Amino acid sequence: MFSLYDEGIWTTDDSWFEVTHESIARTIADHVAAARPSNKPIMLDCFAGVGGNAIAFALSGAFRRVYAIEKNEAALACARHNASIYGVLDKITFFHGDCFDILGLNGVKPGVTVDVLSKVISQAGIIFASPPWGGPGYKNAGDVFDLDLMPYSLEYMYSRFAQITKSIVLFLPRTSDLNQIAKYVEGNSKAQIVHYCTHEKSKALCVYFGEWQDVTGR
Ligand SMILES: C[S@@+](CC[C@H](N)C(=O)[O-])C[C@H]1O[C@@H](n2cnc3c(N)ncnc32)[C@H](O)[C@@H]1O
């Protein structure tokens, strides 16, 4: 899960099956760093968990700033602590709360929305989202995973995040229904889909919406 686990990494019960393994998180960070639009040097991780992806983005050194939002206070405490173990605490700004509230995407709730964050991301940011998939049960959901079964459906997330930026990376189950994803590819644009594998098996995929160079550099 984390190569520095023995240095005192903190986890929550849920994070054992939710965290993005470091090897995959680092590869995603390398892909994002290499292929991102040049005018997008800021990264926002909307579902930070215990920090697997946010830490990898910060370690890549490719972003002017990494922002990370997490709703669960215990997971957020782990993410902050784990960032300090990796020496990148000063590179990540953490927010506690619901990412849709904080970004002002659930209607106006004074004191909850962080206007400046949505402005920064809309001008120069990429949204990365590794949402909850619905617990370990998603593995039994059949050959093709219905993205409407996630606690936040694809429609729910895309329609909100796209109000801020079209540069969106979603980390989704490896069997995700590609036809559902295709509905959100606008006009003549393309989305890139990359499977992330360990031991020759796909563990998950990322969808890269928006204008990117070839993500895997091939
Ligand atoms: C799949 S985990 C993310 C794991 C993370 N990528 C990592 O490597 O540690 C999803 C996380 O989203 C958090 N979450 C769920 N709904 C949220 C929301 N509306 N806003 C922010 N965080 C949320 C959950 O508490 C959980 O920690």
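Let me begin in the middle of the fold, with helix α3, whose buried residues pack against α2 (22–35), β1 (42–45), β2, α4 (73–85), β3 (92–96) and β4 (125–129). Before I go on, please keep in mind that what we are looking at is a predicted model, and that every value I quote is computed from it.

As for α3 itself, the helix is mostly covered, with 8 of its 9 residues buried, and those buried residues are Gly-52, Asn-53, Ala-54, Ile-55, Ala-56, Phe-57, Ala-58 and Ser-60. Just past the end of the helix comes Gly-61, which takes a positive phi of about 70°.

I would like to stay for a moment with Gly-52, which lies in helix α3. Is Gly-52 buried or exposed? Gly-52 counts as buried because it has 25 C-beta neighbours inside 10 Å, where 20 or more is what the term requires. If we set aside residues up to four places away in sequence, Gly-52 touches Val-19, Thr-20, Glu-22 and Ala-25. For a sense of distance, Leu-170 is 118 residues from Gly-52 in sequence, while their C-alpha atoms are 15 Å apart in space.

Gly-52 also brings us to the ligand, since among the 22 residues around the ligand, those that come nearest are Phe-47, Gly-49, Gly-52, Lys-71 and Ser-130. Which helices and strands supply at least two residues each to this shell? They are α1 (15–18), α3 (52–60), β2 (65–70) and α5 (99–102). In terms of character, the shell around the ligand is made up of 10 nonpolar, 8 polar and 4 charged residues.

Strand β2, which we have just met at the ligand, is likewise mostly covered, as 5 of its 6 residues are buried. Strands β1 and β2 run parallel and are joined by 4 bridges, and in one of these pairings Leu-44 has Tyr-67 of β2 as its bridge partner.

From here we can move to the nonpolar core. As a general point, nonpolar side chains in soluble globular proteins tend to be buried together. In this model the largest nonpolar core has 58 residues, and the ones that touch the most other members are Ala-54, Val-66, Ala-79, Ile-127 and Ala-129. To take Ala-79 as the example, and leaving aside its neighbours within four places in sequence, we find Ala-79 in contact with Ala-48, Gly-49, Val-50, Gly-51, Ala-54, Ala-68, Glu-70 and Phe-94. Two names on that list have come up already, for Gly-49 is one of the residues that come nearest to the ligand, and Ala-54 is one of the buried residues of α3.

Let me now turn to the hairpin of β6 and β7. Strands β6 (192–198) and β7 (201–209) have a loop between them, they run antiparallel, and 7 bridges join them; within this pairing, His-195 stands opposite Leu-205 in β7. In general, most residues other than glycine have a negative phi. What, then, is the phi of His-199 in this hairpin, which has 2 residues between its strands? His-199 takes a positive phi near 50°. Glu-200, which lies in the loop between β6 and β7, also has a positive phi, of about 65°, although it is not a glycine. As for surroundings, His-199 counts as exposed because it has 5 C-beta neighbours inside 10 Å, and Glu-200 is exposed as well, with 5 other C-beta atoms within 10 Å.

A further exposed position is Gly-111, which is placed in the loop between α5 and α6 (115–124) and counts as exposed because it has 6 C-beta neighbours inside 10 Å. Gly-111 is 10 residues from Asp-101 in sequence, and the two are 9.8 Å apart from C-alpha to C-alpha.

Finally, let me step back to the chain as a whole, which has 8 helices and 7 strands. Why can we call its radius of gyration consistent with a compact globule? A compact globule of 218 residues would have a radius of gyration near 17 Å, and the protein chain has 16 Å, which agrees. Taken along the principal axes, the C-alpha atoms fill a box of roughly 45 × 45 × 35 Å, and buried residues make up 38% of the chain. Among contacts between residues at least 6 apart in sequence, 67% join residues at least 24 apart.

Note on methods
Residues numbered from 1 in each chain as written. Predicted model: local features only at pLDDT ≥ 70, side-chain atom pairs only at ≥ 80, totals over all residues. Near = placed C-beta within 6 Å. Nonpolar A, V, L, I, M, F, W, Y, C, P; charged D, E, K, R; others polar. Buried ≥ 20, exposed ≤ 12 C-beta atoms within 10 Å, placed from the backbone. Contact = placed C-beta atoms within 7 Å. Core = buried A, V, L, I, M, F, W, Y, C linked by C-beta atoms within 7 Å. Rg over C-alpha atoms; globule rule 2.2 N^0.38 Å. Pairing = 2+ DSSP bridges.
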